[in-house]
Amino acid sequence: MKAYSERDYLPATVLAGLGFCEVKILHEARFGKLTTAQQAEAAKAGVQEHERFHQEVSALHNQPKPAQDRRCFIATAVWGGHDPRTQQLRDWRDRVLLTHAFGRGVVRAYYAISPWMVRLLERWPGLHGPAERALERIRRALVG
């Protein structure tokens with residue numbers, strides 16, 4: 001029997017084998033381990049079904065993720081494109097706003113206005129601090 005570590009998953013056949021029947025143990029001791037043709041066929045079918053299921057789940061699980069919209073103009077200008085706070089706002093946009101027509105309209109309006117606002121932030125660096133504080137308040141209200 002294979003030795004399993006704490007992190008391995010145990011197949012159902014191993015778990016079933018952990019339970020014991022006194023009569024089975026006596027019979028195996030007296031006659032050896034016997035497997036009927038029906039038991040061997042059922043075990044073979046179980047292994048084939050497990051393999052089919054594993055391939056199906058693996059094919060679904062390993063699908064490439066769709067390209068994510070990386071736009072979040074103001075947060076990117078304030079915190080940077082790879083900052084976790086910027087990603088939180090993108091995730092909120094995708095999870096909440098883009099799920100209904102009104103939210104998609106808000107996103108379109110934001111995409112129309114925010115490049116202009118970023119140019120203002122670049123032109124007048126003194127606006128960076130107030131913009132960051134406002135954005136942080138918005139982020140906390142939206143994502144917690």
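Helix α7 has 16 residues and reaches 22 Å from its first C-alpha to its last, close to the 22 Å expected at 1.5 Å a residue. The model in which this helix is found is a predicted one, and its protein chain contains 7 helices and 0 strands. Read from the N terminus on, the order of elements is therefore simply α-α-α-α-α-α-α, given that helices and strands are numbered from that end. The points below begin with α7, go on to α6 and the salt bridges, and end with the chain as a whole.

**Helix α7**

- The buried residues of α7 are Ala131, Leu135, Glu136 and Arg139, and because they fall within an arc of 135° when the helix is seen down its axis, they line one face of α7.
- On the other side of α7 the exposed residues are Arg133, Arg137, Arg140 and Ala141, so that arginine appears both among these exposed positions and, as Arg139, among the buried ones, where buried means under 20% relative accessible area.
- The partners against which the buried residues of α7 pack are the helices α4, α5 and α6.
- After the end of α7 comes Gly144, a residue whose phi is positive, near 95°.

**Helix α6**

- Helix α6 covers residues 101-123, which is 23 residues, and it reaches 34 Å from its first C-alpha to its last, close to the 33 Å expected at 1.5 Å a residue.
- Where in α6 does the kink lie? A kink of about 35° is found at Ile113, shortly before the proline Pro115.
- The buried residues of α6 are Gly103, Val107, Tyr111, Ser114, Val118 and Leu121, and what covers them includes α4 (73-79), α5 (84-95) and α7 (128-143).

**Salt bridges**

- The structure holds 6 salt bridges, and one of them joins the side chains of Arg140 and Glu136 at 2.8 Å, N to O.
- Arg140 and Glu136 are separated by about one helical turn, because they are 4 residues apart in helix α7.
- Within this pair, Arg140 is exposed, with a relative accessible area of 54%, whereas Glu136 is buried, with a relative accessible area of 16%.
- Elsewhere, salt bridges that share partners join Glu49, Arg52 and Glu56 into one network.
- The side chains of Arg85 and Asp83 also meet in a salt bridge, at 2.9 Å, N to O; here Arg85 is partly exposed, with a relative accessible area of 27%, while Asp83 is buried, with a relative accessible area of 16%.
- Is Arg93, whose relative accessibility is 6%, buried or exposed? Arg93 counts as buried at that value, and its side chain meets that of Asp94 in a salt bridge of 2.8 Å, N to O, although Asp94 is partly exposed, with a relative accessible area of 28%.

**The chain as a whole**

- Of the 144 residues in the protein chain, buried residues make up 16%.
- The accessible surface of the protein chain comes to about 11700 Å², and carbon and sulfur atoms account for 61% of that surface.
- Among the contacts in the protein chain with a separation of 6 or more, 51% are between residues that lie 24 or more positions apart.

Notes. Residues numbered from 1 in each chain as written. Predicted model: local features only at pLDDT ≥ 70, side-chain atom pairs only at ≥ 80, totals over all residues. Heavy atoms only, no water. Helix = DSSP H or I, 4+ residues; strand = E, 2+ residues; numbered from the N terminus. Buried < 20%, exposed > 50% of the residue type's maximum accessible area, 1.4 Å probe, protein only. Contact = heavy atoms within 4.5 Å. Areas by Shrake-Rupley, 256 points an atom, 1.4 Å probe, with all protein chains shown as cover. Expected span 1.5 Å × (residues − 1). Bend = angle between axes of the 7 residues up to and from the residue. Salt bridge = Lys/Arg side-chain N within 4 Å of Asp/Glu carboxyl O. Arc of directions from axis to C-beta.
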